[in-house]
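These are my notebook entries on one structure. I record what I looked up and what I found.

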Amino acid sequence: MQTESIILASGCFWCTEAIFSRLEGVKSVTPGYIGGNLDNPTYEQVCTGTTNHAEALKVEFNPNEISLRELFAVFFTTHDPTSLNRQGNDIGTQYRSEIFYTNEKQKQVAEEVLEGLQKGQFFVNPIVTRITEASTFWKAEDYHREYFENNPEKSYCQAVIKPKVEKFEGLFTNKIKK
């Protein structure tokens, strides 16, 4: 089985994981941190906003089952790529919108998709998503894995994650894992 990985930052990784883990063609998702200036950061350190890391999700996918364009469609429609360093009430550089590519094809496709969205004026405000070569990805602590599935009763899961998952499921009905 052929797999490829890409790292996506679009706010809280609990939200991103809950969405991408349901996507057909995605083999695994791993929440973590990328883009900062501290080795092996902790959640508490990243939350200060001083390490320059983004909360991100490493997505392992089969490109024969889901294309990069389809991954980017989910990415751009399940968060606000026009909001600089913020997603809803989550504020700070750790919540930025950024694509961390792992090969030149990913970079090229990401740039084409971004350019198409900007030209098509898909969003009212300018897109602030950055496209950056992936650096070291640090896995988040184990309690972040499958956070939504393991904590569905928590208020953040009910108020923030659940509506995003429902939006995803409504928009991408034919791409949900069976």
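**Entry 1: cysteines.** I looked up Cys 15 and found that its sulfur makes no bond, because the closest cysteine sulfur, in Cys 12, is 4.3 Å away, which is too far. I noted that a disulfide is a covalent bond between the sulfur atoms of two cysteines. The cut-off I applied is a pair of cysteine sulfur atoms within 2.5 Å. The structure holds 0 disulfides. Cys 157 is likewise in no disulfide, and its nearest cysteine sulfur, that of Cys 15, is 8.3 Å away.

I then checked accessibility, where buried means under 20% relative accessible area, exposed over 50%, and partly exposed in between, with a 1.4 Å probe and protein chains only. Cys 15 counts as buried because its relative accessibility is 3%. Cys 157 counts as buried at 0%.

**Entry 2: source.** I recorded that this is a predicted model, in which local features need pLDDT of at least 70, side-chain atom pairs count only at pLDDT 80 or more, and totals for chains, interfaces and linings use all residues. Residues are numbered from 1 along each chain as its sequence is written, and side-chain values use heavy atoms, with hydrogens and water left out.

**Entry 3: cavity.** I searched for cavities, meaning sets of points on a 1 Å grid over the protein atoms alone where a 1.4 Å probe fits but cannot get out; lining residues have an atom within 4 Å of a point. Points are joined across faces, edges and corners, and the volume is the space filled by probe spheres set on them. I found 1 cavity of 30 Å³ or more, and the largest has a volume of about 40 Å³. Its lining includes Cys 15, Phe 20, His 79 and Lys 164. Helix H1 (residues 13-20) gives the largest share of this lining, 4 residues. Helices (H or I, at least four residues) and strands (E, at least two) are DSSP runs, numbered from the N terminus.

**Entry 4: strand E2.** Is strand E2 (residues 26-34) mostly covered or mostly open? I found 7 of its 9 residues buried, so by the under 20% cut-off E2 is mostly covered. Strands pair if DSSP finds at least two bridges between them. E2 pairs in the antiparallel sense with strand E3 (residues 54-61) over 8 bridges, and with strand E8 (residues 137-139), also antiparallel, over 3 bridges. I looked up Gly 32: its bridge partner in E3 is Ala 56, and in E8 Gly 32 stands opposite Lys 139.

Note on methods. On a 1 Å grid over the protein atoms alone, a cavity is a set of points where a 1.4 Å probe fits but cannot get out, and a pocket is an open set with protein on both sides within 12 Å along at least five of seven lines; lining residues have an atom within 4 Å of a point.
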